[in-house]
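Me: I have a structure on screen and want to learn how to read it. Can we start with pockets and then turn to salt bridges?

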Amino acid sequence: MAGRRDGFVGVFDSGVGGISVLRSLVEELPHEDFRFFGDSANAPYGEKTEGQVLELSCGIVKRFVDEGAKAIVIACNTATSVAAPTLRAAYPDVPIVGIEPALKPAARALPHGRILVMATEVTLRLEKYHELVRAWGGECEVVPVPCPGLAARIEHGDLDAPDVLEMLGRYVGAHAGHVDGVVLGCTHYPFVRRQIAEVLGPDVRFFDGGAGTARQLGARLADTGLLADRDRSGRVEFASSLDTPEELALYERFFSLSC
């Protein structure tokens with residue numbers, strides 16, 4: 001077990017979005033080693049078929065497990081919804097933690113509020129999302145807002161460019177002044193939280209699943225005796241299916257962003 005405690009946690013997403021989750025993981029578990037893989041060559045997953053997402057996710061997790069990962073974090077709402085059950089069945093001895101739209105904390109914080117759920121079209125179409133609404137929507141008004149192309153645009157960086165605000169205005173501008181909270185249902189979206197607030201107004205509250213996923217990973221590692229037992233800070237390594245120096249530099253920049 002000591003050897004497995006010293007292993008790494010594999011984290012993956014369709015691209016840079018999962019880095020927002022990685023930041024929460026590092027903050028919650030500073031002594032763990034993390035390897036982040038962004039499948040930027042195939043981004044975004046939210047615009048692919050469920051079969052494609054499943055195949056890509058299974059390939060990434062197999063590589064992580066073959067390399068000795070002690071746990072896996074699916075840092076993608078779409079991949080979690082599509083692939084998590086299959087992956088857990090395939091690797092029952094490896095803790096696999098996913099992420100889902102943070103509707104539960106949003107509904108608890110705003111029990112009678114109007115809550116936008118910004119997410120990919122695939123995420124909003126899947127039964128997992130509808131189960132969340134039935135379980136936690138309560139007396140809230142939950143408004144799904146599909147955002148086609150937004151994750152792909154975030155992949156390119158330069159998030160203060162006019163076209164980003166223009167895109168956000170098309171998706172959520174009509175809700176300005178009429179919304180209490182926003183669930184960021186794609187891991188890319190926390191990187192444009194400030195820009196969304198510019199469109200909707202400064203009093204809107206935001207919710208994403210990063211912190212909850214980090215706490216869940218910590219609990220799973222503790223329950224299975226896999227928490228790192230070391231004094232040093234953990235290491236973070238980046239890799240991408242778009243394997244260029246420019247892409248890896250982009251990952252490093254996103255990791256250093258405040259969001």
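Me: How do the residues of the lining of the largest pocket divide into nonpolar, polar and charged?

Reply: Sort each lining residue by its side chain. This is a predicted model. Here the lining of the largest pocket has ten nonpolar, seven polar and eight charged residues.

Me: What volume does the largest pocket have?

Reply: The largest pocket has a volume of about 560 Å³. It is lined by 25 residues. Closest to the pocket's centre are Glu100, Gly209, Gly212, Thr213 and Gln216.

Me: Which elements give two or more residues to that lining?

Reply: Look for helices and strands that contribute to the wall. Two or more residues come from each of helix 4 (77-90), helix 5 (103-109), strand 8 (205-207) and helix 11 (210-223).

Me: On to salt bridges. How many does the structure hold?

Reply: Look for a side-chain nitrogen of Lys or Arg within 4 Å of a carboxyl oxygen of Asp or Glu. The structure holds 15 salt bridges. One of them pairs Arg230 with Asp33, at 3.6 Å from N to O.

Me: Where in the chain do Arg230 and Asp33 sit?

Reply: Check the position in sequence as well as in space. Arg230 is in the loop between helix 11 and strand 9 (236-240). Asp33 is in strand 2 (residues 33-38). The two are 197 residues apart, so this pair links distant parts of the chain.

Me: Is Arg230 buried or exposed? And what about Asp33?

Reply: Use the cut-off: buried means under 20% relative accessible area. Arg230 has 15%, so Arg230 is buried. Asp33 is at 10%, so Asp33 is buried too.

Me: Which residue does Arg35 form a salt bridge with at 3.4 Å?

Reply: That partner is Glu67, and 3.4 Å separates the closest N and O atoms. Arg35 is in strand 2, while Glu67 is in the loop between helix 3 (50-66) and strand 3 (71-74). They are 32 residues apart. Arg35 is partly exposed at 29% relative accessible area. Glu67 is partly exposed at 47%.

Me: What salt bridge do Arg35 and Glu237 make?

Reply: Their side chains meet at 3.8 Å, N to O. Arg35 lies in strand 2 and Glu237 in strand 9, so the pair ties together parts 202 residues apart in sequence. Glu237 is partly exposed, at 43% relative accessibility.

Me: Which residues do salt bridges with shared partners join into one network?

Reply: Follow the shared partners from residue to residue. Here they join Asp33, Arg230, Arg232 and Arg235 into one network.

Technical notes: Residues are numbered from 1 along each chain as its sequence is written. This is a predicted model: local features need pLDDT of at least 70, side-chain atom pairs count only at pLDDT 80 or more; totals for chains, interfaces and linings use all residues. Side-chain values use heavy atoms; hydrogens and water are left out. On a 1 Å grid over the protein atoms alone, a cavity is a set of points where a 1.4 Å probe fits but cannot get out, and a pocket is an open set with protein on both sides within 12 Å along at least five of seven lines; lining residues have an atom within 4 Å of a point. Grid points are joined across faces, edges and corners, and a volume is the space filled by probe spheres set on the points. Helices (H or I, at least four residues) and strands (E, at least two) are DSSP runs, numbered from the N terminus. Ala, Val, Leu, Ile, Met, Phe, Trp, Tyr, Cys and Pro count as nonpolar, Asp, Glu, Lys and Arg as charged, and the others, Gly among them, as polar. Buried means under 20% relative accessible area, exposed over 50%, partly exposed in between (1.4 Å probe, protein chains only).
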